[in-house]
Amino acid sequence: MSERTATVASRVGLHARPAAIFAEAAGEFDLDITIAREGEPADEAMDAASILSLMSLGASHGDVVVLRADGAGADVALERLVQILETDHDAE
C-alpha cells in the first residue's frame, strides 16, 4: 500500500471547487484511493473520488491529510493528487 501526506493549500479548505477538482482527478485512476485527516485511523478513511466524502472530511486550509492507494500506478496517482491538494485553487 502506498501512502502520502499533503497539506491542504486552498484557502477554503477541501470544499466546493477544490473538492470537485480533487474528486475528478481521483476518479480518473483505476484504484481505490482513500483520504483521511492525519492522525485518524486508516479504517476510517473516506473515498477520495467522492465529493460528498471530501466535503464531510472537513479538511481546512493548512490541515494535513493522508492519501492511500494500493495497486499498479498507486505511487503516480498519489503524487498527482498531492500536487492538486497542495495547490491553492481559490487563488486561480
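Which elements do the buried residues of H3 pack against? They pack against strand E1 (2-7), H1, E2 and E4. Buried means under 20% relative accessible area, exposed means over 50%, and partly exposed lies in between (1.4 Å probe, protein chains only). Helices (H or I, at least four residues) and strands (E, at least two) are DSSP runs, numbered from the N terminus.

This is a predicted model, in which local features need pLDDT of at least 70 and side-chain atom pairs count only at pLDDT 80 or more, while totals for chains, interfaces and linings use all residues. Residues are numbered from 1 along each chain as its sequence is written, and side-chain values use heavy atoms, with hydrogens and water left out.

## The sheet

Four strands form an open sheet in the order E1-E4-E2-E3, with antiparallel pairing. Two strands pair if DSSP finds at least two bridges between them. E1 and strand E3 (46-47) are the edge strands, and each pairs on one side only. E2 and E4 are joined in the antiparallel sense over 5 bridges. E2 and E3 are also antiparallel, over 2 bridges.

Some residue pairs across these strands are listed here.

| Residue | Stands opposite | Strand of the partner |
|---|---|---|
| Ile33 | Ala69 | E4 |
| Arg37 | Val65 | E4 |
| Thr34 | Asp47 | E3 |

In a regular strand the side chains alternate between the two faces of the sheet.

## The nonpolar core

The largest nonpolar core has 25 residues. Such a core is a set of buried Ala, Val, Leu, Ile, Met, Phe, Trp, Tyr and Cys residues joined through side-chain atoms within 4.5 Å. The residues with the most contacts inside it are Phe22, Ile33, Ile35, Val65, Leu67, Leu81 and Leu85. Helix H1 (16-27), strand E2 (33-37), helix H2 (51-57), strand E4 (64-69) and helix H3 (74-85) each give two or more residues to this core. H3 gives the most, with 7 residues.

Take Ile35, which sits in strand E2. Ile35 counts as buried because its relative accessibility is 0%. Leaving aside neighbours within four places in sequence, Ile35 is in contact (heavy atoms within 4.5 Å) with residues including Leu14, Phe22, Leu54, Val65, Leu67 and Leu85. Met46 is also one of its contacts. The C-alpha atoms of Ile35 and Met46 are separated by 5.3 Å, with the two residues 11 apart along the chain.

Leu85 is another residue with many contacts in the core. With neighbours within four places in sequence left aside, Leu85 is in contact with Ala6, Thr7, Val8, Ala9, Ser10, Leu14, Phe22, Ile35, Val65 and Leu67.

## Helix H3

H3 lies across E1, E2 and E4, and runs at about 5 degrees to E1. Axes are lines fitted to C-alpha atoms, for helices over the stretch in contact, and angles run from 0 to 180 degrees between N-to-C directions.

The 12 residues of H3 should span 16 Å at 1.5 Å a residue, and its end C-alpha atoms are 16 Å apart, which agrees. The expected span is 1.5 Å times one less than the number of residues.

Which residues of H3 are buried? They are Ala74, Ala77, Leu78, Leu81, Val82, Ile84 and Leu85. Seen down the axis of H3, these buried residues fall within an arc of 155 degrees, so they line one face of the helix. The arc is that of the directions from the helix axis to the C-beta atoms. An α-helix has 3.6 residues a turn, so residues three or four places apart point the same way.

## Helix H1

H1 also has 12 residues, which should span 16 Å at 1.5 Å a residue; its end C-alpha atoms are 16 Å apart, in agreement. Its buried residues are Pro18, Ala19, Phe22, Ala23, Ala25 and Ala26. Down the axis of H1 they fall within an arc of 165 degrees, so they line one face of the helix. Their cover includes E2, H2, E4 and H3. On the other side of H1, Glu24 and Gly27 are exposed.

Is Ile21, a residue of H1, buried, exposed or partly exposed? Ile21 is partly exposed, with a relative accessible area of 26%. Not counting residues up to four places away in sequence, Ile21 touches Ile84 and His89. The C-alpha atoms of Ile21 and Leu81 are separated by 9.8 Å, and the residues are 60 apart along the chain.

Ala16 also belongs to H1. Its phi is near 45 degrees, a positive value in a residue other than glycine. Most residues other than glycine have a negative phi, and most peptide bonds are trans.
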